[in-house]
Amino acid sequence: MHVLVAGAQALHKPRVSDSENPSEIFSRASRRRRRDRAAPGYVGFAFLREHMLEGILERLDAVKREFRDVLDLGSFAGDLRIPGVRIARLDAGFGFARAAGGVQADEDRLPFADASFDLVISAGVLDQVNDVPGALALARRVLRPDGLFLGAFAGAGTLSTLRACVKEAEGDRPAARFHPQIDVRSAGDLLSRAGFALPVSDIETLVVRYAGLPNLLRDLRGMAATNLLPNPAPLTRDMLVRTSAAFADRAEEDGRTPERFEIVYLTGWAPDPSQPKAARPGSATASLADALRPRRPD
């Protein structure tokens, strides 16, 4: 558990995603607007993605092989840095895509050809994607055989304090204000369904301590992580006052209230005959060390 105190040229012409689908969980238009609003000042609110990238790069360091062509899937401002590789960047927001010199598109509507990359990295976006199984399947398709996918996102249990405070403030008339969340076990199942070999999912808890609810809400807006549900219920002033009071009631001795971010990490390989075979029923399952095994050189 970690504790914090809060305080190129595009490869493709950026494009706007297709029109809204009323059956989808998230509003694609709202997501683009939130990301464009957050883009100018994002560097001051990037701590969660930075923590995810640190965990992803630690996992990448354990892989003894070289990667040449990398896709940064959900690039934000293009802060992923890997020396000696070519990085294509994609983001759902025009402001982030332009700042990163990349492509504007949704993660479940990739514009890249199959087998274009040998490494795909995604940090901080899969929890906001309408079709997560589809996004993972596309990530596998754009990987070359024996290519690696490394991802991280905010999973089930994230913002547990805020959720409890909102529930307390709303009483018997709760409204849909929070996104559905993916737990670590389901995340591993999604990798398998998408066709990845040697799928591994694990979780890490990051605790951030806030002096008050406005500070937390400011961080969520700054990292483009506010409500993306279609037609969200309005948040009245009285509701905010009650929620803020409930948040303050949960403060520790120094006056700060802890909030949790449950970071789910994903590891999967595009299938290749050189890889170890899947574990037999009843035998030990592949461990993280197995999935991040030393690889044969290209």
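The legends below describe close-up views of a predicted model.

**View 1. The stacked ring pair of Tyr42 and Phe76.** A search of the whole structure finds six aromatic pairs, and in one of them the ring centres of Tyr42 and Phe76 lie 4.8 Å apart with their planes at 20 degrees, which is under the 30 degrees that bounds a stacked pair, so this pair counts as stacked. The two residues come from distant parts of the chain, 34 residues apart, with Tyr42 in the loop between α1 (28–38) and α2 (47–61) and Phe76 in the loop between β2 (69–73) and β3 (86–91). Both Tyr42 and Phe76 are buried.

**View 2. The tilted ring pair of Phe149 and Phe196.** Here the ring centres are 5.5 Å apart and the planes stand at 35 degrees, so the pair is tilted. Phe149 belongs to strand β6 (residues 143–154), while Phe196 sits in the loop between α6 (184–193) and β7 (197–210), so the pair ties together parts that are 47 residues apart in sequence. Phe149 is buried, with a relative accessible area of 0%, and Phe196 is also buried, with a value of 6%.

**View 3. Ring cluster and arginines over ring faces.** Tyr42, Phe76 and Phe96 are linked by ring pairs into a cluster. Arg35 lies over the face of Phe76, at 4.2 Å from the ring centre, and Arg59 lies over the face of Tyr265, at 3.8 Å from the ring centre.

**View 4. The largest cavity and its lining.** The largest cavity holds about 50 Å³ of space, and its lining residues include Phe26, Arg28, Asp106, Glu107 and Asn130. Sorted by class, the lining has two nonpolar, three polar and five charged residues.

Key. Residues are numbered from 1 along each chain as its sequence is written. This is a predicted model: local features need pLDDT of at least 70, side-chain atom pairs count only at pLDDT 80 or more; totals for chains, interfaces and linings use all residues. Side-chain values use heavy atoms; hydrogens and water are left out. On a 1 Å grid over the protein atoms alone, a cavity is a set of points where a 1.4 Å probe fits but cannot get out, and a pocket is an open set with protein on both sides within 12 Å along at least five of seven lines; lining residues have an atom within 4 Å of a point. Grid points are joined across faces, edges and corners, and a volume is the space filled by probe spheres set on the points. Ala, Val, Leu, Ile, Met, Phe, Trp, Tyr, Cys and Pro count as nonpolar, Asp, Glu, Lys and Arg as charged, and the others, Gly among them, as polar. Rings of Phe, Tyr and Trp (its six-membered ring) pair if their centres lie within 6.5 Å; planes under 30 degrees apart count as stacked, over 60 as edge-to-face and the rest as tilted. Helices (H or I, at least four residues) and strands (E, at least two) are DSSP runs, numbered from the N terminus. Buried means under 20% relative accessible area, exposed over 50%, partly exposed in between (1.4 Å probe, protein chains only). A charge sits over a ring if NZ of Lys or CZ of Arg is within 6 Å of the ring centre and within 35 degrees of the ring normal.
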